[in-house]
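These notebook entries record what I looked up in one structure, taking sheets, cores and surface in turn.

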Amino acid sequence: MNWYQETLYSGAIDHGYRQAFRVSREVARKATEFQNMVIFETPFFGRVLALDGVIQTTERDEFIYHEMLVHVPMVAHGRATRVLIIGGGDGGILREALRHAVEKVTLVEIDRGVIDFCVEHMPKLSGGAFDDPRLELMIEDGIAYVRDIERTFDLIIVDSTDPIGPGEVLFTESFYANCKRCLNPGGVVVTQNGVPFYQNDEIRTSYGRLAPHFADVSFYVAAVPTYVGGFMALGWATDNVDLRHLRPEVLAERFDKLGLQTRYYSPGVHYGAFQLPPYVSALMR
């Protein structure tokens, strides 16, 4: 067996360690206009997707990230029917969003290649979500989409890669300002913000760029094994300052009405996820 060594911490971020996966076999490899993609099989994590050398998701633990990025804002909002996903070409976020009683989910992905690649070689990620009639699929630049779109949304989920390569522009202040512009009153924006123990600049930068545009900006955390380094931070921005402080019993009542079966998300996990360790909250200055 060979080993696949992730490159995330071997460039500008170098803390003297590496993450590697034992590879049973390489399933597929392809280059698009935007990135190099590979899916490989592992004995423990199942199939693993890497883009430009950085691990994106695995079959074994993908549910943690996808459930938390979707169900936390959906349950907190309580009435979101129009959802916008920026990125998310693997289909995991789309799959979870469509488990709710939404009218439409618009997914904007710049790279059609990653959608086709994942549907073919990791179909469990999307679970048929790309065939759902409530999906509006747009193959275009997410930056331009939120800048030009006239429609508005209840929830915007930014399922981006790290701020390198094609994902870098999804961390700019102009992008966040345009997200605010096409958000309905009381709506929520959530983002992927890396592992703060190692990628603390992502918290500092995102907080500084979101704060001028929203009344309530914070982060919540989830422990995803393959995103090594402790908690992963997920960004939170809204003008409804009450949504982040809903009591566990309110969250439980809303979640029970949904009738969803989840493997990581729960009302208690939801409430606790916003209770940040001091080393994380200290970055929001």
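The entries below follow the order in which I looked things up.

**Entry 1. Status of the model.** I note at the outset that this is a predicted model.

**Entry 2. The four-stranded sheet.** I looked up the strand order and found an open sheet of four strands, β3-β4-β5-β6, with antiparallel pairing. I then asked which strands stand at the edges. They are β3 (25-31) and β6 (54-58); each has a single partner strand, so one side of each lacks a neighbour in the sheet. From one strand to the next, the twist averages 20°.

I followed β3 further. It pairs with strand β4 (residues 36-42) in the antiparallel sense, over six bridges. The connection between β3 and β4 is a hairpin through four residues. As one bridge pair I recorded E26, whose partner in β4 is F40.

**Entry 3. R47.** I located R47 in strand β5 (residues 46-51). Is R47 buried or exposed? I recorded it as buried, because its relative accessible area is 18% and the cut-off for buried is under 20%. I also checked its separation from Q199, which lies 152 residues away along the chain: the two C-alpha atoms are 25 Å apart.

**Entry 4. The seven-stranded sheet.** I found an open sheet of seven strands in the order β9-β8-β7-β10-β11-β13-β12, and its pairing is mixed. Its edge strands are β9 (135-139) and β12 (216-222), each of which pairs on one side only. With direction ignored, neighbouring strands of this sheet are turned by 15° against each other on average.

At the β9 edge I looked up the pairing with strand β8 (residues 104-109): the two run parallel and are joined by five bridges. V108 has M138 in β9 as its bridge partner.

**Entry 5. The nonpolar cores.** I next asked which residues have the most contacts inside the largest nonpolar core. They are L94, I157, Y220 and W236, in a core of 58 residues. Helix α1 (residues 62-77) supplies the largest share of this core, with 10 residues. I also noted a second, separate core of 20 residues, which includes L84, V108, Y176 and F214. V108 thus appears in my notes twice, as a member of this second core and as the bridge partner of M138. For background, I add that nonpolar side chains tend to be buried together in soluble globular proteins.

**Entry 6. E150.** I placed E150 in the loop between α5 (142-148) and β10 (153-159). I recorded E150 as exposed, because its relative accessible area is 70% and the cut-off for exposed is over 50%. E150 and R181 are 31 residues apart along the chain, and their C-alpha atoms are separated by 9.2 Å.

**Entry 7. A nonpolar surface patch.** Which residues make the nonpolar surface patch of about 290 Å²? I found F197, F231 and Y279. I looked up Y279 individually and located it in helix α10 (residues 278-281). Y279 has a relative accessible area of 36% and is therefore partly exposed; that value falls between the cut-offs, under 20% for buried and over 50% for exposed.

Key. Residues numbered from 1 in each chain as written. Predicted model: local features only at pLDDT ≥ 70, side-chain atom pairs only at ≥ 80, totals over all residues. Heavy atoms only, no water. Patch = residues over 30% accessible without salt bridge, like charges linked within 9 Å, V, L, I, M, F, W, Y side chains within 5 Å. Areas by Shrake-Rupley, 256 points an atom, 1.4 Å probe, with all protein chains shown as cover. Salt bridge = Lys/Arg side-chain N within 4 Å of Asp/Glu carboxyl O. Buried < 20%, exposed > 50% of the residue type's maximum accessible area, 1.4 Å probe, protein only. Core = buried A, V, L, I, M, F, W, Y, C linked by side-chain atoms within 4.5 Å. Pairing = 2+ DSSP bridges. Axes fitted to C-alpha atoms, helices over the stretch in contact; angles between N-to-C directions.
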